[in-house]
Amino acid sequence: MTGGGLSSQVGSLAVMSSHLITALIAQESSSGGSGAIIQLGILLLIPFAMYFFLIRPQRRRVREQQELQSSIEVGDEVITTSGLYGVITGEDGDSRFWLEIDDDVQVRIARAAISGKASLDDADDADDHDDADDDDDESVPANADDDD
């Protein structure tokens with residue numbers, strides 16, 4: 001079984017990279033060698049692009065979410081991942097809160113279920129938007145631009 005060590009190295013990264021380098025040198029000696037270098041460059045850029053476009057932004061979002069969840073205190077108005085708005089009324093250990101969603105209606109939620117802090121302006125903006133739609137219907141007649 002003396003050849004067993006050689007067969008385990010056949011699929012190794014060192015042997016594969018040496019085959020790749022040998023193939024590139026062989027292609028460089030031919031007329032189309034510059035195309036192989038460009039292809040190799042593109043293949044090497046793919047992991048870097050994936051890091052900068054996928055992994056790095058995701059890590060930033062996770063870090064921001066963790067900072068938000070650790071900054072939640074009693075009295076903060078929050079929105080949960082399921083869309084419930086409420087006010088934090090108490091803590092139940094390190095990972096749970098009591099959330100008041102209506103007068104005398106409290107639910108216990110996990111800290112990870114909080115998606116963000118809500119402000120009273122969010123609810124007011126929705127009411128203002130509904131009022132603005134009603135005002136638009138009354139203020140402009142449908143055929144005001146006709147000159148018949």
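**View 1. An open sheet of five strands in a predicted model.** The strands of the sheet run in the order 4-3-2-1-5, and their pairing is antiparallel. Strand 4 (105-110) and strand 5 (114-117) are at the edges. Each of these two has a single partner strand, so one side of each lacks a neighbour in the sheet. On average, neighbouring strands of this sheet are turned by 45° against each other, direction ignored. Strands of a sheet are paired through backbone hydrogen bonds, in either a parallel or an antiparallel way.

**View 2. Strand 1 (residues 77-80) beside strand 5.** The two strands are joined by three bridges in the antiparallel sense. Val78 has Lys117 of strand 5 as its bridge partner, and Ile79 is opposite Gly116 in strand 5.

**View 3. Strand 1 beside strand 2 (residues 85-91).** Here too the pairing is antiparallel, and it comprises three bridges. Tyr85 of strand 2 is the bridge partner of Ile79. The two strands make a hairpin, with four residues between them. Gly83, in the turn, has a positive phi of about 95°.

**View 4. The two faces of strand 1.** Side chains in a regular strand alternate between the two faces of the sheet. In strand 1, Val78 and Thr80 belong to the covered face, whereas Glu77 and Ile79 belong to the uncovered one.

**View 5. A nonpolar patch on the surface.** The patch is formed by Ile38, Ile42, Leu43, Leu45, Ile46, Phe48, Met50, Tyr51, Phe52, Phe53, Leu54 and Ile55. Together these residues have about 1,300 Å² of accessible area. Ile46, one of the patch residues, is located in helix 3 (residues 33-71). Its relative accessible area is 41%, so Ile46 counts as partly exposed.

**View 6. The aromatic pair of Tyr51 and Phe52.** The structure holds one aromatic pair. Tyr51 and Phe52 form this pair in an edge-to-face arrangement, with 5.2 Å centre to centre and 80° between the planes. An angle over 60 degrees between the planes counts as edge-to-face. Both residues also belong to the nonpolar patch. Tyr51 is partly exposed, with a relative accessible area of 32%; Phe52 is partly exposed as well, at 45%.

Notes
Residues numbered from 1 in each chain as written. Predicted model: local features only at pLDDT ≥ 70, side-chain atom pairs only at ≥ 80, totals over all residues. Heavy atoms only, no water. Patch = residues over 30% accessible without salt bridge, like charges linked within 9 Å, V, L, I, M, F, W, Y side chains within 5 Å. Areas by Shrake-Rupley, 256 points an atom, 1.4 Å probe, with all protein chains shown as cover. Salt bridge = Lys/Arg side-chain N within 4 Å of Asp/Glu carboxyl O. Buried < 20%, exposed > 50% of the residue type's maximum accessible area, 1.4 Å probe, protein only. Phe/Tyr/Trp six-rings, centres within 6.5 Å; stacked < 30°, edge-to-face > 60°. Pairing = 2+ DSSP bridges. Axes fitted to C-alpha atoms, helices over the stretch in contact; angles between N-to-C directions.
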